[in-house]
Amino acid sequence: MLTEAEAAGPPGVSMFDTQVGFALRRWCPPVLGLDAHAEPGDYLARRAELGAAEVNRRFLEAARLNALCVDTGYTPAALLDPPGLGRLAGAAAYEVVRLESVAEQVAAGGVEAAHFADEVRSRIGAWDAVGAKSIAAYRAGLELSGIRPSEAEVTGAAGQLMLAAESTGAPPRVCDEILHRFLVWCAVDAGLPVQFHVGYGDVDADLRRGDPLLLIELLRAMAPAPAMLLHNYPFHRQAGYLAQVLPNVYVDVGLATHNLGHRSPALIAELLELAPFGKVLYSSDAFGLAELYHLGALLFRHGLAGFLAGGVEDGAWTSRDAERVAGMIASANARRVYGLE
Amino acid sequence: MLTEAEAAGPPGVSMFDTQVGFALRRWCPPVLGLDAHAEPGDYLARRAELGAAEVNRRFLEAARLNALCVDTGYTPAALLDPPGLGRLAGAAAYEVVRLESVAEQVAAGGVEAAHFADEVRSRIGAWDAVGAKSIAAYRAGLELSGIRPSEAEVTGAAGQLMLAAESTGAPPRVCDEILHRFLVWCAVDAGLPVQFHVGYGDVDADLRRGDPLLLIELLRAMAPAPAMLLHNYPFHRQAGYLAQVLPNVYVDVGLATHNLGHRSPALIAELLELAPFGKVLYSSDAFGLAELYHLGALLFRHGLAGFLAGGVEDGAWTSRDAERVAGMIASANARRVYGLE
Amino acid sequence: MLTEAEAAGPPGVSMFDTQVGFALRRWCPPVLGLDAHAEPGDYLARRAELGAAEVNRRFLEAARLNALCVDTGYTPAALLDPPGLGRLAGAAAYEVVRLESVAEQVAAGGVEAAHFADEVRSRIGAWDAVGAKSIAAYRAGLELSGIRPSEAEVTGAAGQLMLAAESTGAPPRVCDEILHRFLVWCAVDAGLPVQFHVGYGDVDADLRRGDPLLLIELLRAMAPAPAMLLHNYPFHRQAGYLAQVLPNVYVDVGLATHNLGHRSPALIAELLELAPFGKVLYSSDAFGLAELYHLGALLFRHGLAGFLAGGVEDGAWTSRDAERVAGMIASANARRVYGLE
């Protein structure tokens, strides 16, 4: 679970021999009482010895977070819920509702197609969430039109969704452009900022269809509702462009930050080329491995601090402005857009 | 007008908190008699106090230009004409004719469709210009075929253009692939280098269709007529590739240079990866704000100088070669291709 | 032959005024007994004086190679064969069979369409090669489906190929998506790693269709057979992503490395963002000019060494890990995947 690979490397290839693997070996062993740069075998042995609960506690605490916004829609295995994560981190925890999961639950519950739209809308409207998440990039791709689908279109698509599930016996799986769009509009109507998975992710993401420029029509149409473009690598410059030219677009480079390890400062600097500093957020996209909460936060802090300090050193901006920008990106922008207290 | 955003930021987001905003605060206040890093409010007050004429004079002079090539085709508000700009800058000023504007003027003048092509050709041929500019990227996109349209095709498209204007009451607006191509060939036949808006621009540009690789067929077909790819970010590496493999292609990173502020050295270094040094030009793409003439020139000088000096320091090239390349990119390449005396 | 340009520059533009030209002038004159940074005229005079045989000998030796894997499919002029290259380099030399050339030879030999597939399969299976090379990117583009074509499809496409050659009198030229795919599967069935030209190349490559993300379906389908993505610039980050998420994908930045000259360290660092270190290979893609063997190897050694040493200096990894990674990328990965002794 260290990288986005779907399987271990072939013989002779270790996933520890990657930027994120080297970053883990540099920064994580000391949290478990080992020396930095421990060998993978020693690290795994120590990790097993401490046990998952203790390891989770240590890394979540080490991440020094004040608040967590957690997408709860992907739980292939037992995972901590937001309150559980928040307790470990000593932080407030908020939920982000995954839109496709709501639709799939409604479809699995045996609703009539004609009532699907109302039921989905009502559940999303009632969800105790600070934001919504769309994974259209993993399914239909990001080339979504800006037009609200009609009730008839949604009913038709919902019927197809349930028919497909019935005929295959598999759980319903939203992968229809109409439904992805419908779900985004449900979130907009519920007053929720909408997160979009963009770019880098596991191989199911089909990166070809994950360029944020494909999403431009929907981004324009949903303004002023906030659109949060997550991850973005290797299209982070394109994302920064959108954050500049569209008033409702916000960006981050979560997931890529820890995967790039020692190269993450270059990534952060590229994101900050066009994106207004009031539109850039921190995220880790940590999932599964507790180490990723720590690495995401640490590498982001180091990368952003280095970027800002370099500018101060070169006289490009003042230390007062640098501190202000750090506060915006590390906390204030997220608090404002998600409405966290 | 500081960035390419179509509107001010949403509450909590200031466009001064951007790379270009920080660059402005670093470099522009001293030109107006303030300390570097002045706060936005103080800067705007001082700017108003001096008045537009004095501010324009100071920044155009500070830019230290020898010659200006000015696209006159976009004038939503009162703007200085090339001679006026040249007087402020103490520089020779040349005109670049915007192709779509000529076509739209001809169409608005009530010509018959069958005479449209001849009238456009004749006006472009007679224009006192050193180059022509195509904004196909803003309208039909850059995927233009390399084939010259036939007279019948142009007549048909011109008829459509005028019919659309008549039926909507709006002024004619060229956005037809046939007409964009026709206009490029008019400029080629008139012996003018053709500038193409590529990549970064305001949100109307639809960056998806602004990748310079889309233009490759037309670029090949129009050789040896010079094709000038402007801006290019974030596709500047693709543009550099085209400048290497096609003998008639030239590139710049105007507009992006000042928008990237402290990051502009990285941009310039990336442009100079594949592009032959004899094919790279300086441009500011400054428009509206006088500050942008100064920032564009200053950041380009600093970025290129740093790039070249770094190579000398590392022993990668000699200081004599560095000075020669600086002269080519900052002046000689443009003088040669545009035929400036 | 210094760059990928199809012709000399227009008047006023020298291909020596490029990153690769400056790198050549820095590193190659001393190998011929001149001072570094020699002027192009002096360099060419000395080169002519020594003669091609001596120049080839000196640069191949200077490259300090242990083994060469040579694609023998493109020989527009007299070129050294792998044994000849190996003798000059003092290295073992292996052949990489170019798939499209085999198909074109079979087609030119007058086989019946119905026997084409068997004949091609049999020749590829019997070839004494360590790998196969596909140039689909130069012909049909990289958007190849993952499905094995049927015998009937191959027979139909082969018939078309031979018919086209017959009717035009030109030699057969494979540029049909079905045949490119068929050839890849022939190589997979023969147990050969398959190299794909990706991204940067001469202008025939049509870079639009050379993005490695287009190839994702075929890459998945052919697993676990190794797929070697060559060159990749400016899509090397996309290639690195594929190397991470797909177990059978390997990457290099050959050709771009020497063309970027003093900028090649930045390229290598970007490749090493997501690509696992066990999936990255060295290649030069040198062809024609003996200098390119030397420059490719030297710039790669400097770039990789600088990258690894920088990480050691920053404490990002240990010198032991740095040496291990250098050994993997410079030699062990290639030996393992190509099965070199």
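# Exercises on a predicted three-chain model

Strand S4 (residues 194-198) of chain A is mostly covered, with five of its five residues buried. The model is predicted, and the exercises below start from this strand.

## Exercise 1. A central strand of chain A

Task: determine how the side chains of S4(A) are arranged, and which strands pair with S4(A).

Solution.

Step 1. Consider the general pattern. In a regular strand, side chains alternate between the two faces of the sheet.

Step 2. Assign the residues to directions. A:Val194, A:Phe196 and A:Val198 point one way from S4(A), while A:Gln195 and A:His197 point the other way. Residues in both groups are buried.

Step 3. Find the partner on one side. Strand S3 (residues 131-134) of chain A runs parallel to S4(A), and three bridges join them. In this pairing A:Ala132 stands opposite A:Val194.

Step 4. Find another partner. Strand S5 (residues 227-231) of chain A is joined to S4(A) by five bridges, again in parallel. Here A:Phe196 faces A:Leu229 of S5(A) as its opposite residue.

Step 5. Follow the chain between the strands. S4(A), helix H9 (residues 216-222) of chain A and S5(A) make up a β-α-β unit, and the unit is right-handed.

## Exercise 2. Overall dimensions of chain A

Task: decide how the radius of gyration of chain A compares with the globule rule, and describe the chain's burial and surface.

Solution.

Step 1. Count the elements. Chain A has 14 helices and six strands.

Step 2. Compare with the rule. Chain A has a radius of gyration of 21 Å, and the globule rule gives 20 Å for 341 residues; the values are close, so chain A is as compact as a globular protein of that length.

Step 3. Add the box. Along the principal axes, the C-alpha atoms of chain A fill roughly 60 × 50 × 40 Å.

Step 4. Look at burial and contacts. Buried residues make up 58% of the 341 in chain A. Among contacts in chain A with a separation of 6 or more, 71% come from residues 24 or more positions apart.

Step 5. Describe the surface. Chain A exposes about 12,500 Å², of which carbon and sulfur atoms supply 53%.

## Exercise 3. A buried helix and a buried glutamate

Task: establish whether helix H10 (residues 236-245) of chain A is enclosed or open, and list what A:Glu270 touches.

Solution.

Step 1. Count the buried residues of the helix. Ten of the ten residues of H10(A) are buried, so the helix is largely enclosed by the rest of the structure. Among them are A:His236, A:Arg237 and A:Gln244.

Step 2. Place the glutamate. A:Glu270 is part of helix H12 (residues 264-271) of chain A.

Step 3. Apply the cut-off. Buried means under 20% relative accessible area. The value for A:Glu270 is 4%, so this residue is buried.

Step 4. List its contacts, leaving aside neighbours within four places in sequence. In chain A, A:Glu270 is in contact with A:His236 and A:Arg237. In chain B, A:Glu270 contacts B:Tyr233, B:Arg263 and B:Glu270. In chain C, the contacts of A:Glu270 are C:Arg237 and C:Glu270.

## Exercise 4. The sheet of chain C

Task: give the strand order in the sheet of chain C, identify the edges, and trace the connections around S5(C).

Solution.

Step 1. Write the order. Six strands form an open sheet, S1-S2-S3-S4-S5-S6 in chain C, with parallel pairing.

Step 2. Identify the edges. Strand S1 (67-71) and S6 of chain C each have a single partner strand, so one side of each is left without a neighbour in the sheet. From one strand to the next, the twist averages 30°.

Step 3. Place a helix on the sheet. Helix H5 (residues 99-108) of chain C packs against it and touches S2, S3 and S4 of chain C. The direction of H5(C) makes about 60° with that of S2(C).

Step 4. Examine S5. All five residues of strand S5 (residues 227-231) of chain C are buried. Five bridges pair S5(C) with strand S4 (residues 194-198) of chain C in the parallel sense, and C:Gln195 stands opposite C:Met228.

Step 5. Go to the other partner. S5(C) pairs with strand S6 (residues 249-251) of chain C over three bridges, also parallel, with C:Ala227 opposite C:Val249.

Step 6. Trace the crossovers. S4(C), helix H9 (residues 216-222) of chain C and S5(C) make a right-handed β-α-β unit. S5(C), helix H10 (residues 236-245) of chain C and S6(C) form a right-handed unit of this kind too.

Definitions and conventions. Residues are numbered from 1 along each chain as its sequence is written. Chains are lettered from A and ligands numbered from 1 in the order in which they are written. This is a predicted model: local features need pLDDT of at least 70, side-chain atom pairs count only at pLDDT 80 or more; totals for chains, interfaces and linings use all residues. Side-chain values use heavy atoms; hydrogens and water are left out. Buried means under 20% relative accessible area, exposed over 50%, partly exposed in between (1.4 Å probe, protein chains only). Helices (H or I, at least four residues) and strands (E, at least two) are DSSP runs, numbered from the N terminus. Two strands pair if DSSP finds at least two bridges between them. A crossover is right-handed if, with the strands pointing away from the viewer, the path from the first strand over the helix to the second runs clockwise. The radius of gyration is taken over C-alpha atoms; the globule rule is 2.2 Å times the number of residues to the power 0.38. Contact means heavy atoms within 4.5 Å. Accessible areas come from the Shrake-Rupley method with a 1.4 Å probe; for residues, only the protein chains shown count as cover. Axes are lines fitted to C-alpha atoms, for helices over the stretch in contact, and angles run from 0 to 180 degrees between N-to-C directions.
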